[in-house]
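Grab a pencil and get ready to work through a few exercises. Try each task on your own before you peek at the solution.

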Amino acid sequence: MLEHSDDRAVSDWCIEHLGYPVAEHTFTAGNLSVVHGLRLTKGREVVLKIRDDDARLGACAWVQRRMWQAGFACPEPLAGPLPLGRKVASAETPVPGGGEPAPADAPRQFAGLLAKFVTRAEDLEPQPLLRPAPA
């Protein structure tokens, strides 16, 4: 069962925007949004994020798509943000691996990723909806 959301509504959303219904729920996580790992029929795996609507989400999806296209190691956006009940949902590809780095190694790893992100983002056009910064 999908915590904090209606199973049927989520499956209908996946049919409409991804082409297939939900076959299996693989995980739930999240903080600012509810994040579900889903296996759709035909075996496709996706990550679905459900959150409150915010004008910034469209601009964030635009940046994520451009960064994915530029080869940055991030999930490929598949759909959204699009309405799902009173919230909005977006789907993306899962990225295997991950996990938290060892505390002593975390600053170096985060700095390295930030440097790669900034280098790949240099040619992106400004997105005014990214301002103001979230609270």
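**Warm-up: around the second helix**

H2 is followed by Gly71, whose phi is positive, near 90°. Helices (H or I, at least four residues) and strands (E, at least two) are DSSP runs, numbered from the N terminus. Before you go on, note that this is a predicted model, where local features need pLDDT of at least 70, side-chain atom pairs count only at pLDDT 80 or more, and totals for chains, interfaces and linings use all residues. Residues are numbered from 1 along each chain as its sequence is written, and side-chain values use heavy atoms, with hydrogens and water left out.

**Exercise 1. Find the order of helices and strands along the protein chain.**

Step 1: Count the elements. The protein chain has three helices and five strands.

Step 2: Read them along the sequence. The pattern comes out as α-β-β-β-α-β-β-α.

Step 3: Put a box around the model. Along the principal axes, the C-alpha atoms fill roughly 40 × 35 × 30 Å.

**Exercise 2. Check the span of helix H2 and say which of its residues are buried.**

Step 1: Work out what to expect. The rule is 1.5 Å times one less than the number of residues. Helix H2 covers residues 56-69, which is 14 residues, so the span should be 20 Å.

Step 2: Compare with the model. The end C-alpha atoms of H2 are 20 Å apart, which agrees.

Step 3: Sort by burial. Buried means under 20% relative accessible area, exposed over 50%, and partly exposed in between (1.4 Å probe, protein chains only). In H2, the buried residues are Arg56, Leu57, Ala59, Ala61, Val63 and Met67.

Step 4: See what they pack against. The partners of these buried H2 residues are E3, E4, E5 and helix H3 (106-121), going by contact (heavy atoms within 4.5 Å).

**Exercise 3. Which elements give two or more residues to the largest nonpolar core?**

Step 1: Know the term. A nonpolar core is a set of buried Ala, Val, Leu, Ile, Met, Phe, Trp, Tyr and Cys residues joined through side-chain atoms within 4.5 Å.

Step 2: Look at the members. There are 13 residues in the largest core, and Val10, Trp13, Cys14, Leu18, Leu38 and Leu48 touch the most other members.

Step 3: List the elements. H1, strand E2 (34-40), strand E3 (45-51), strand E4 (77-84) and strand E5 (87-92) each give two or more residues. H1 gives the most, with four.

Step 4: Zoom in on Leu48. Not counting residues up to four places away in sequence, Leu48 touches nine-name company you can tick off: Val10, Trp13, Val34, Val35, His36, Leu38, Ala89, Ser90 and Ala91.**Exercise 4. Where is Lys42, and is it buried or exposed?**

Step 1: Look at the strands around it. E2 and E3 pair in the antiparallel sense over six bridges; two strands pair if DSSP finds at least two bridges between them. Val34 stands opposite Ile50 in E3.

Step 2: Place the residue. Lys42 is in the loop between E2 and E3, a hairpin with four residues between the strands.

Step 3: Check the backbone. Lys42 has a positive phi near 75°, and the residue is not a glycine.

Step 4: Check the surface. Lys42 is exposed, because its relative accessible area is 73%.

Step 5: Move to the next pairing. E3 and E5 run antiparallel too, joined by five bridges, and Lys49 stands opposite Ser90 in E5.

**Exercise 5. Describe the aromatic pair in the structure.**

Step 1: Recall how it's done. A pair of aromatic rings is described by the distance of the centres and the angle of the planes. Rings of Phe, Tyr and Trp (its six-membered ring) pair if their centres lie within 6.5 Å; planes under 30 degrees apart count as stacked, over 60 as edge-to-face and the rest as tilted.

Step 2: Apply this. The structure holds one such pair. The ring centres of Phe72 and Phe117 are 5.3 Å apart and the planes are at 85°, so the pair is edge-to-face.

Step 3: Place the partners. Phe72 sits in the loop between H2 and E4 and Phe117 in helix H3, so the pair ties together parts that are 45 residues apart in sequence.

Step 4: Compare their cover. Phe72 is buried, at 13% relative accessible area, whereas Phe117 counts as partly exposed, at 30%.

**Exercise 6. Which bond joins Gly80 and Pro81?**

Step 1: Look at omega. The value is about 10°, and the peptide bond is cis.

Step 2: Place the proline. Pro81 is in strand E4.
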